[in-house]
Amino acid sequence: MSNTTTPHTLQLAQANTNPVAQANTNPVAQANTDPGFKVPGAGAGAAPASAPADAGGAGASAIEVAPLAGAPATDTSSRELAIGGGVFLVLLLIFFFVRNAFANNLVRRRVAPSSAESAGWLLFVGLSFLGAAVVLAIINASKFLTFAITGTLMLVGLAALVGAMLAGRR
């Protein structure tokens, strides 16, 4: 082993100390697995988003625009729930005034005050359940517009309205 440096050993020594040269020789470092930030449409070979994808192509990747039938229900944000709760409280206030007007109208028609009050409260409960069903259906139809939730609310609401009409008779 001699102490003389040949050009070949000098290149190897430089390659080992140069981090850029080490990165270029490593096959893992050459393959960029992190796409990073890319501006949409900035690439020259970027295909337009509205172009139809080749159905039989092996390398074609389709973007799903609309959810499939039977897709899982989307989650409702707390902002949507807060807005829906506020709308429901406003509806309850309106229904309370409707209840008072309905009970007073029944008393004017010579219905017993206790029957008129019972009919008014049944009207309030019926309208409240129907309002809750409508608000939940508007907030997230795919999650709340089911027979178990909306159907039950509608059934109880309609039963209370029928009870209000029957209790409000003379």
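**Exercise 1. Find what share of the protein chain is buried, and describe its surface.**

Step 1. The model is predicted. Its protein chain has 170 residues, and buried residues make up 18% of them.

Step 2. Turn to the surface. The accessible surface of the protein chain is about 12,800 Å². Carbon and sulfur atoms hold 66% of that area.

**Exercise 2. List the elements of the protein chain and say how its contacts are spread along the sequence.**

Step 1. Count the elements. The protein chain has 7 helices and 0 strands.

Step 2. Write the order. From the N terminus on, it reads α-α-α-α-α-α-α.

Step 3. Take the contacts between residues at least 6 apart in sequence. Of these, 68% join residues at least 24 apart.

**Exercise 3. Compare the span of helix α4 with the expected span, then find what its buried residues pack against.**

Step 1. Helix α4 covers residues 78-108, which is 31 residues.

Step 2. From first C-alpha to last, α4 reaches 45 Å. At 1.5 Å a residue, 45 Å is expected, so the two are close.

Step 3. Pick out the buried residues of α4. They are G84, F95, R99, F102, A103 and L106.

Step 4. Look for their partners. The buried residues of α4 pack against α5 (113-139) and α7 (147-167).

Step 5. Check what follows the helix. Just after α4, R110 has a positive phi of about 70°.

**Exercise 4. Locate the salt bridge and work out which parts it ties together.**

Step 1. Search the whole structure. The result is 1 salt bridge.

Step 2. Name the pair. The side chains of R99 and E117 meet at 2.9 Å, N to O. A salt bridge needs the nitrogen within 4 Å of the oxygen, so this pair qualifies.

Step 3. Place the two residues. R99 lies in helix α4 and E117 in helix α5, so the bridge ties together parts 18 residues apart in sequence.

Step 4. Judge their exposure. Buried means under 20% relative accessible area. R99 counts as buried because its relative accessibility is 5%. E117, at 35%, counts as partly exposed.

**Exercise 5. Identify the residues of the nonpolar surface patch and the element that gives the most to it.**

Step 1. Name the members. L93, F96, F97 and W121 make a nonpolar surface patch of about 420 Å².

Step 2. Find the main contributor. α4 gives the most, with 3 residues.

Step 3. Test one member. F97 is found in helix α4. Its relative accessible area is 53%, so F97 is exposed. The cut-off for exposed is over 50%.

Conventions. Residues numbered from 1 in each chain as written. Predicted model: local features only at pLDDT ≥ 70, side-chain atom pairs only at ≥ 80, totals over all residues. Heavy atoms only, no water. Helix = DSSP H or I, 4+ residues; strand = E, 2+ residues; numbered from the N terminus. Buried < 20%, exposed > 50% of the residue type's maximum accessible area, 1.4 Å probe, protein only. Contact = heavy atoms within 4.5 Å. Areas by Shrake-Rupley, 256 points an atom, 1.4 Å probe, with all protein chains shown as cover. Patch = residues over 30% accessible without salt bridge, like charges linked within 9 Å, V, L, I, M, F, W, Y side chains within 5 Å.
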